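Here's a quick walk through a protein model, written for someone who would rather be at the bench. Have the viewer open as you read.

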Amino acid sequence: QVTLVESGGGSVQPGGSRRLSCAASEAGYTSHCMAWFRQIAGKEREGVIAKNFRSGVVEYGGSAAGRFSISQDNFRRTLYLQMNGLTPEDTAMYFCAAISRCSNNWYPTLRGEQYTDWGQGIQVTVSS
């Protein structure tokens, strides 16, 4: 099991943007099946966005469509979550997740139990 490490969290004003990054603690780790989740205080974890970076298929959670995007660097070692149009309702702990052994035709899912590797989470707070 590999630990993923998120970065880029912090405070942002409503309407602003933020980009989160996620990298593996183990050198050379790559995965093409990755996702972002979040947990709002007092609520269950929810899937934000997931992607199979080989097929290009993306699955959006209800909060992400039209505002959030997911990407990787060319070496598939850093995952990004670009968040635009942030609102206070986006305030949450954000987690990246990956499946270490994933088929080429894996369909992206926002079901957390499929993911084998997780980050510790990073806080994003949207307030004025």
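Before we start placing residues, a word on vocabulary: strands here are DSSP runs of at least two residues, numbered from the N terminus. With that in hand, Ser103 can be placed in the loop between β9 and β10. Keep in mind that this is a predicted model.

**The overall picture**

How many helices and strands does the protein chain have? It has 0 helices and 11 strands, so the pattern along the sequence reads β-β-β-β-β-β-β-β-β-β-β. The radius of gyration is 14 Å, close to the 14 Å that the globule rule gives for 128 residues, so the chain is as compact as a globular protein of that length. Laid along its principal axes, the C-alpha trace spans about 40 × 30 × 25 Å.

Buried residues account for 45% of the 128 residues. Among contacts between residues at least 6 apart in sequence, 62% join residues at least 24 apart.

As for confidence, the mean pLDDT of the protein chain is 94, and 100% of its residues reach 70 or more. Among the elements, strand β1 (residues 3-7) has the lowest mean pLDDT, at 94, while strand β11 (residues 122-126) has the highest, at 98.

**Two nonpolar cores**

The largest nonpolar core holds 26 residues, and Trp36 and Tyr94 touch the most other members. Which strands each supply at least two residues of this core? They are β3 (18-24), β4, β5 (46-52), β7 (68-72), β8, β9 and β11. Of these, β9 gives the most, with 4 residues. Apart from this core lies another one, of 11 residues, with Phe95, Cys102, Trp106 and Trp118 among them.

**An aromatic cluster**

The structure holds 4 aromatic pairs. One of them joins Phe37 and Tyr115, edge-to-face, with 5.4 Å from centre to centre and 80° between the planes. This pair links distant parts of the chain: Phe37 is in strand β4 (residues 33-39) and Tyr115 is in the loop between β9 and β10 (117-119), 78 residues apart. Phe37 and Tyr115 are buried.

Why does the pair of Trp106 and Tyr115 count as edge-to-face? Their ring centres are 6.1 Å apart and their planes stand at 90°, so the pair earns that label, the cut-off being over 60 degrees. Trp106 and Tyr115 are both buried.

Phe37, Trp106, Tyr115 and Trp118 form one aromatic cluster. There is a charge in the picture too: the charged end of Arg45 sits over the ring of Phe37, 5.4 Å from the ring centre.

**Four residues to click on**

Here is how four residues compare on burial, with under 20% counting as buried and over 50% as exposed.

| Residue | Relative accessible area | Class |
|---|---|---|
| Asp90 | 1% | buried |
| Ser103 | 41% | partly exposed |
| Cys102 | 16% | buried |
| Asn52 | 0% | buried |

Start with Asp90, which lies in the loop between β8 (78-83) and β9 (92-98). Leaving aside neighbours within four places in sequence, Asp90 is in contact with Arg38, Arg67, Phe68, Gly85, Val124 and Val126. Since its relative accessible area is 1%, Asp90 is buried.

Next come two residues from the loop between β9 and β10. Cys102 is found there, and so is Ser103. Not counting residues up to four places away in sequence, Cys102 touches His32 and Cys33, while Ser103 touches His32, Cys33 and Asn52. For a sense of distance, Cys102 and Trp118 are 16 residues apart in sequence and 15 Å apart in space, C-alpha to C-alpha. Ser103 and Ala27 are 76 residues apart in sequence, with 21 Å between their C-alpha atoms.

Buried or exposed: which is Asn52? At 0% relative accessibility, Asn52 counts as buried. Its place is in strand β5. Leaving out residues up to four places away in sequence, Asn52 touches His32, Val57, Ser103, Asn104, Asn105, Trp106 and Pro108. The C-alpha atoms of Asn52 and Ala35, 17 residues apart along the chain, are separated by 8.9 Å.

Terms used: Residues numbered from 1 in each chain as written. Predicted model: local features only at pLDDT ≥ 70, side-chain atom pairs only at ≥ 80, totals over all residues. Heavy atoms only, no water. Buried < 20%, exposed > 50% of the residue type's maximum accessible area, 1.4 Å probe, protein only. Contact = heavy atoms within 4.5 Å. Phe/Tyr/Trp six-rings, centres within 6.5 Å; stacked < 30°, edge-to-face > 60°. Lys NZ or Arg CZ within 6 Å of the ring centre and 35° of its normal. pLDDT = per-residue confidence, 0-100. Core = buried A, V, L, I, M, F, W, Y, C linked by side-chain atoms within 4.5 Å. Rg over C-alpha atoms; globule rule 2.2 N^0.38 Å.
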